[in-house]
Amino acid sequence: MSVRTMRRQVLLFISFLCLSSVTGQVSYSIPEEMPKGSFVGDIAQDLGLDVKRLKTGKARIYTGENAEYIDLNKDRGVLLVKERIDREAICAQTAPCALHFQVILENPMEFYSVTVEVTDVNDNAPIFKRGEMKFRISESAVKGTVFVLEPAIDLDVDVNSLQSYVLKPTDNFLLKLQNQADGSKMVEMVLQKPLDRETQDHLSLVLTAVDGGEPQLSGVVQININVLDSNDNAPVFSQKIYKSTLRENSPAGTAVITVSASDLDEGSNGKISYAILNSDDASEMFHINGETGEVKLIGNTDFEKKRQYQIHIQASDDGGLTDSSKVIVEILDTNDNIPAINVMSKSSIVTEDIQPGTVVTIVNIQDPDSGENGKVLCDINKNIPFSVSSTSNNFFSILTESGLDREKASEYNITVTCSDEGVPSLSSSVTLTLQISDVNDNAPVFERSSYEAYIVENNTPGLSIFTVKARDADWNQNARVSYLLEDSSVNGVPVSSYVSVSADSGVIHAVRSFDYEQIKDFQFHVKAQDGGSPPLSSNVTVKIVIQDQNDNPPQVLYPVQTGGSLVAEMVPRSADVGYLVTKVVAVDVDSGQNAWLSYKLQKTTDRALFEVGLQNGEIRTIRQVTDKDAVKQRLTVIVEDNGQPSRSATVILNVAVADSFPEVLSEFTDFPHDKEYNDNLTFYLVLALAVVSFLFITCLVVIISVKIYRWRQSRILYHSNLPVIPYYPPRYSDTLGTGTLQHVYNYEVCRTTDSRKSDCKFGRAGSQNVLIMDPSSTGTMQRMQTEKSILDEPDSPLEVRLM
């Protein structure tokens, strides 16, 4: 059985399935040129099939003999692009263009038809088959003549196909489109203005074909037009009278003059021939080239026999049109010999430090003429540091006139010109080349008097900062510049530990990473030294400015955040709008905009009650405080700098809204605290209270003991026979004579939010007059008066004074 027969049977079987088992048909639309693997459609969902059914039914795509452009992904139940689809290759100009195939499943056998329409994209520009179009048009062509142009081809369809043509320039031709029966357009070029070959013998036009796609594509072709000539112009000489001079004794063949006539026509109409019309001796003395118009001498001229010749010349083209002109030739009496210059001795190389007046070249002049025609004077070209002088008969010396400088001129071309005194004078010249060798007489010069460069802090060590450049006007080894870092120190540290310089290139590298907060700028010296012997050098000052980076976050100075300690501010309920609660103070050690700080209220118990100043950090009320406002207010303020990226710090403030301390104490005991911190605080408060109580009891015992001791002493003295001498302790008079203690003692009771953790301290007495009862007790009293609670800070939330 042949392969063709088997194929027919398979097709018949599939056709049978199509007639008996077609259960559905779906259609999709995709643009052409989609990449491989692109999604076409969810075939399982659109046909109402389970993805498992695709696997168990061994689903496959059948396209017959057509190429497979669509692939079935049985795991996902979707159709994907298998190969790149080119709509023009599949359907050419046919529209719409569709791919038809079948999805076949087994057990049971199911058959589905799928149509994928391939829509056109504007991926083909209009093209012309030929790279250019050529036309040959006579300048006598009449207006309205039509020339058919080759149309462009666009493989796209519909709006993406060819839409219009544009012809530029339109000085002589216009574009005309003719609609054809098949829908195509024939392009014609119509002559609108007569051509003139003498004005323009060649025209170059550009025909552009434009499609209607998005983006719009176009193709161009060059139209070259050669304008054919007609004989409408006669030859014209450039001059009516030509004049020329010819020295006597000129050899035969000497060119006298070349006449020129022009004809605006071309080809045979513009081909010109020249002829001499004279019938006298001029026709025997001169000859003209009929094609070039060159007049040459064919005889011997003698000034004493004839001093002038007049030659009549005619120019004619092949069409019979002519023009005439006259040539006047003057014969001149000549000084027959020119001076001959012979270089006797010369130096090809001299050093730039040669002394003025040094002879560099000697020349000898020979002129066979006699009398005035044989006398010769020599001179050299101007604006060079050399002069010429006559040393003896016909000998001339060339010597230096001033100092030489190779940096200004490394070579001199000395042109020696010698002229005789004949009439007219004859002269000759020779050019001598003199090289100037270099001497190390120039030190390197930096491009700037000083340098200033900028580098951002936290740089990578080894980073190239910038380049210093020095130039040496000398040459070769004398101009080879090396760069050295001059020894110096920056803040007591050698500058070599900050920067290094490349000896060859002058590139300055950072040796270390700089910190703007430690050093803002520094300067050093770089020396440029040439390779001469002895070497010459120069220095330049280099200043490096460190630029700040935003590498430091803001630091909050107030309020001080001390772990879990409570910092609170009080706001009376009678506070008006704009009441200043407190001020957040922060600094940033960076500079510039990196240190510009802004304050924002991040979190708050009542956002409608407080606001923070963006620039000054002042926390103020934004409405009237009411009785409904909670006593406890917690504010979180974030401080941000203006760097890129921005850095920030956060501070938490507690604000009490109350008019009395008891209300604050009762409410603030409910503030949440860290358990471990509160336990530690309780311990320290109890310890402090115990110590203060111990000291207080000790002082009382001492005072009572002293009083008892003195009472007993007074009793002993009273019962003794010794005279009684009154005793007044120091500053006793200040006590108003009523006792040994001061009238008033101030006690400061500091309480936290938990009264069990409160502490007491002794304040200063209401009077500065203190009675010292016993020198031994002075230290104890002072300790008692200066003892401070561990929570005794200016920002303590509550302070009560008892009188």
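Reader: How much surface does the chain expose, and which atoms supply 52% of it?

Author: Accessible areas come from the Shrake-Rupley method with a 1.4 Å probe, and for residues only the protein chains shown count as cover. Here the chain exposes about 45,300 Å². Carbon and sulfur atoms supply 52% of that. This is a predicted model: local features need pLDDT of at least 70, side-chain atom pairs count only at pLDDT 80 or more, and totals for chains, interfaces and linings use all residues. Residues are numbered from 1 along each chain as its sequence is written, and side-chain values use heavy atoms, without hydrogens and water.

Reader: What is the mean pLDDT of the chain?

Author: pLDDT is the predictor's confidence in each residue, from 0 to 100. The chain's mean is 78. Of its residues, 81% reach 70 or more. Over residues 720-803, pLDDT stays under 50.

Reader: What share of the 803 residues is buried?

Author: Buried means under 20% relative accessible area, exposed over 50%, partly exposed in between (1.4 Å probe, protein chains only). Buried residues make up 38% of the chain.

Reader: Which residues have the most contacts inside the largest nonpolar core?

Author: A nonpolar core is a set of buried Ala, Val, Leu, Ile, Met, Phe, Trp, Tyr and Cys residues joined through side-chain atoms within 4.5 Å. Contact means heavy atoms within 4.5 Å. The largest core has 28 residues. Ile508, Phe522, Val526, Val542 and Ile544 have the most contacts inside it. A second, separate core of 25 residues includes Ala59 and Leu105.
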